[in-house]
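This report describes a single protein chain, working from particular residues outward to its cores, empty spaces and confidence. Please keep the sequence and the 3D view at hand while reading.

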Amino acid sequence: MCTIKNVLVRHKLKSILIVLWIIGIIYSVQFITKGSGKKSKEKHIQEVKLLQTRYSPVVFKDLFRTAEIKEYCNPPDQISLGSEGQVKDGYFLELVAVLVRHGDRGPLLKIKNQAQINCGVKEPLKYPLFGQFINVMDSKLKWYQSSAEFHSFPPYPHSKQCWLGHLTQLGVLQELRLGRLLGKLYNEHWNLLSRTSNVQNVLVFSTMYARTFQSALAFMFGFLPSLSPDKKLTIQSVDDTSFCENRNVCRCPVLKYMQGQLNKKVKKLLIFHQAIVDLIHKMNLFIKPSEKVPNITEGGALFDSLMGYICHGAKLPCETNASFPCITRDDLKKLVSYLDWEGKQLATYPVYQKKSRLRMYGFMVMLQRLFHDKISGRLPERFILFSGHDVTLVALSTTFGYSSGIFPPYVSRFILELYKSNNTSLTSVSNYFIRILLNGKDITKYAPFCQNITITEDQLNESLYPLFCPVENFFDFVSNSYFYSFGVSSFSEACRISPH
């Protein structure tokens with residue numbers, strides 16, 4: 001009996017243990033499945049967030065404030081100096097070359113209610129320099145002369161309306177202010193131009209557009225220490241927006257192919273942003289002056305059209321019968337956010353960088369010649385102005401190794417300062433150094449020919465110590481290593497590269 005009883009107890013205990021083991025397995029499987037599902041869900045959420053960060057920057061609604069959008073307009077009161085001319089004793093400023101974007105202009109495409117937008121200066125009495133400029137331009141005092149190509153252009157825009165692609169009176173004021181600020185710095189602090197011979201000491205080049213010609217006039221009116229009616233300022237025309245003076249290094253067939261590649265890249269980027277595609281389509285209803293006008297499908301062109309309203313304090317357009325009654329500032333912020341992101345993608349695109357370098361080679365050769373002539377004493381001028389466009393400025397800054405991908409505001413400036421050291425132990429060319437500045441920011445260290453410069457610890461401790469780059473480095477870059485990234489040694493070879 002005891003034996004049978006013991007056997008039954010043991011079987012009972014085994015049964016209980018088996019049941020508990022089965023229950024444990026069931027709970028374990030459920031726990032693992034639940035945990036695995038949670039991890040899988042978390043991983044999926046992280047992947048979605050990563051895709052949103054990579055492909056949908058516009059989900060961040062507060063990425064751009066309205067004030068920051070306004071910065072693209074560059075209101076005159078916000079124009080100020082940066083690090084220009086901030087150099088300690090021991091150097092002489094020999095030459096300054098400025099490439100400036102034209103001032104505020106009317107949109108390049110006709111927009112709705114364009115005739116109702118006031119593109120004049122809202123409070124002209126606040127700006128006496130503007131009044132002085134208008135008075136001189138309207139007088140018989142002809143203090144400038146220009147190439148024949150400019151003879152049909154008035155010296156400034158007389159109308160307060162926003163004409164297609166033309167400089168506005170607000171644009172005149174912007175150039176006047178920038179010219180006056182840089183003039184006071186370079187002429188009063190560095191004595192770049194004397195009051196008796198300032199006109200002979202400048203060179204002024206402008207592309208053959210009314211907006212760049214008028215911008216050059218306004219800038220120089222603000223920049224010059226005094227007017228010289230007996231010795232006229234000369235404005236020379238350039239038929240190339242890249243300021244290429246030597247036709248042997250101006251024409252490059254591969255540039256057209258590269259532009260096609262960039263257009264494809266922009267379209268490809270836009271594919272991942274259906275929300276922006278829909279937004280562009282929506283905005284067309286409000287921007288187009290009539291149904292007969294083709295839709296604007298490119299974000300940059302739409303942005304330019306909207307700036308026609310924003311930069312002049314005009315109300316954003318509305319349509320009473322539309323499903324979306326008005327363009328909102330939130331719409332505009334989303335568009336700007338996307339375009340800035342798009343620009344950053346293009347800035348690192350090799351085709352974009354090579355296209356910029358090819359396009360600006362003629363200008364770089366011109367700068368090299370001017371600096372050579374200044375050092376050798378063959379160039380009496382001490383100030384050079386190039387009145388150009390946003391595409392010129394972007395291509396040049398990219399060539400010098402600095403590209404943010406952001407649209408340059410009106411009257412943006414790219415400046416090269418040539419200094420001579422008073423160190424008598426240096427040879428002639430070794431005595432000269434350059435600084436490179438974009439809108440007041442010292443970007444010298446980004447230039448491909450300035451990146452290996454060593455700076456001592458004492459120099460780093462000096463708060464105003466700028467990074468000086470030997471001008472010899474610049475000469476060597478243009479003459480010998482400009483096309484290293486192409487795998488060739490000359491402009492003609494780079495332009496013969498097969499696009500396939």
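In which loop does V411 lie? V411 belongs to the loop between α12 (390-399) and β6. The model is a predicted one, and the descriptions below should be read in that light.

**Two residues with positive phi**

V411 has a phi near 50 degrees, a positive value in a residue other than glycine. N113, which is likewise not a glycine, has a positive phi near 60 degrees. N113 is placed in the loop between β1 and α3. Are these residues buried or exposed to some degree? V411 counts as buried because its relative accessibility is 2%, under the 20% limit. N113 has a relative accessible area of 39% and is therefore partly exposed, a class that runs between 20% and 50%.

**I111 and its surroundings**

The loop between β1 and α3 (128-138) also holds I111. With a relative accessible area of 1%, I111 is buried. Which residues does I111 touch, not counting residues up to four places away in sequence? They are I117, I287, P289, S305 and Y309. I111 and V293 are 182 residues apart along the chain, and their C-alpha atoms are separated by 10.0 Å.

**Overall make-up**

The chain has 500 residues, of which 48% count as buried. Its secondary structure comprises 15 helices and 9 strands. Among contacts with a separation of 6 or more, 81% are between residues 24 or more positions apart.

**Nonpolar cores and helix α14**

The largest nonpolar core contains 61 residues, and L358, F386, F400, F414, F449 and F474 have the most contacts inside it. Helix α11 (residues 361-376) supplies the largest share of this core, 8 residues. Another core, of 51 residues, lies apart from it and includes V98, L176, M220 and L224.

F449 is in contact with F400, I434, I436, C469, N473, F474 and F477, once its neighbours within four places in sequence are left aside. F474 and F477 are also among the buried residues of helix α14 (residues 471-481), together with V471, F475, V478 and S481. What covers these buried residues of α14? The covering elements include α10 (350-359), α11, β6, β7 (432-438) and β9 (469-470).

**Cavities and pockets**

The model has 3 cavities of 30 Å³ or more. The largest cavity is lined by A97, V98, L99, F363, L367, F386, L396, F414 and L416. The elements that each give two or more residues to this lining are β1 (91-101), α11 and β6 (413-421). F386 and F414 in this lining are also listed with the residues that have the most contacts inside the largest core, while V98 is named in the other core.

The second largest pocket is lined by 18 residues, and P75, P76, K122, L170 and C311 lie nearest its centre. The table sets out the two spaces.

| Space | Volume | Element giving the most to the lining | Lining residues by class |
|---|---|---|---|
| Largest cavity | about 40 Å³ | β1, 3 residues | 9 nonpolar, no polar, no charged |
| Second largest pocket | about 290 Å³ | α4 (residues 169-189), 3 residues | 8 nonpolar, 5 polar, 5 charged |

**Confidence of the model**

How many of the residues score at least 70 in pLDDT? The proportion is 82%, and the chain averages a pLDDT of 84. Confidence is highest in strand β5 (residues 383-388), at a mean of 98, and lowest in helix α1 (residues 2-55), at a mean of 45.

Two stretches deserve separate mention. Residues 1-9 have a pLDDT under 50 throughout, and the model shows 0 contacts for them beyond four places in sequence. Residues 31-65 also have a pLDDT below 50, but this stretch has 25 contacts in the model beyond near neighbours in sequence. Where pLDDT is low, the predicted coordinates should not be read in detail.

Terms used: Residues numbered from 1 in each chain as written. Predicted model: local features only at pLDDT ≥ 70, side-chain atom pairs only at ≥ 80, totals over all residues. Heavy atoms only, no water. Core = buried A, V, L, I, M, F, W, Y, C linked by side-chain atoms within 4.5 Å. Buried < 20%, exposed > 50% of the residue type's maximum accessible area, 1.4 Å probe, protein only. Helix = DSSP H or I, 4+ residues; strand = E, 2+ residues; numbered from the N terminus. Contact = heavy atoms within 4.5 Å. pLDDT = per-residue confidence, 0-100. 1 Å grid on protein atoms, 1.4 Å probe; cavity = no way out; pocket = protein on both sides within 12 Å on 5 of 7 lines; lining within 4 Å. Points joined across faces, edges and corners; volume = space filled by probe spheres on them. Nonpolar A, V, L, I, M, F, W, Y, C, P; charged D, E, K, R; others polar.
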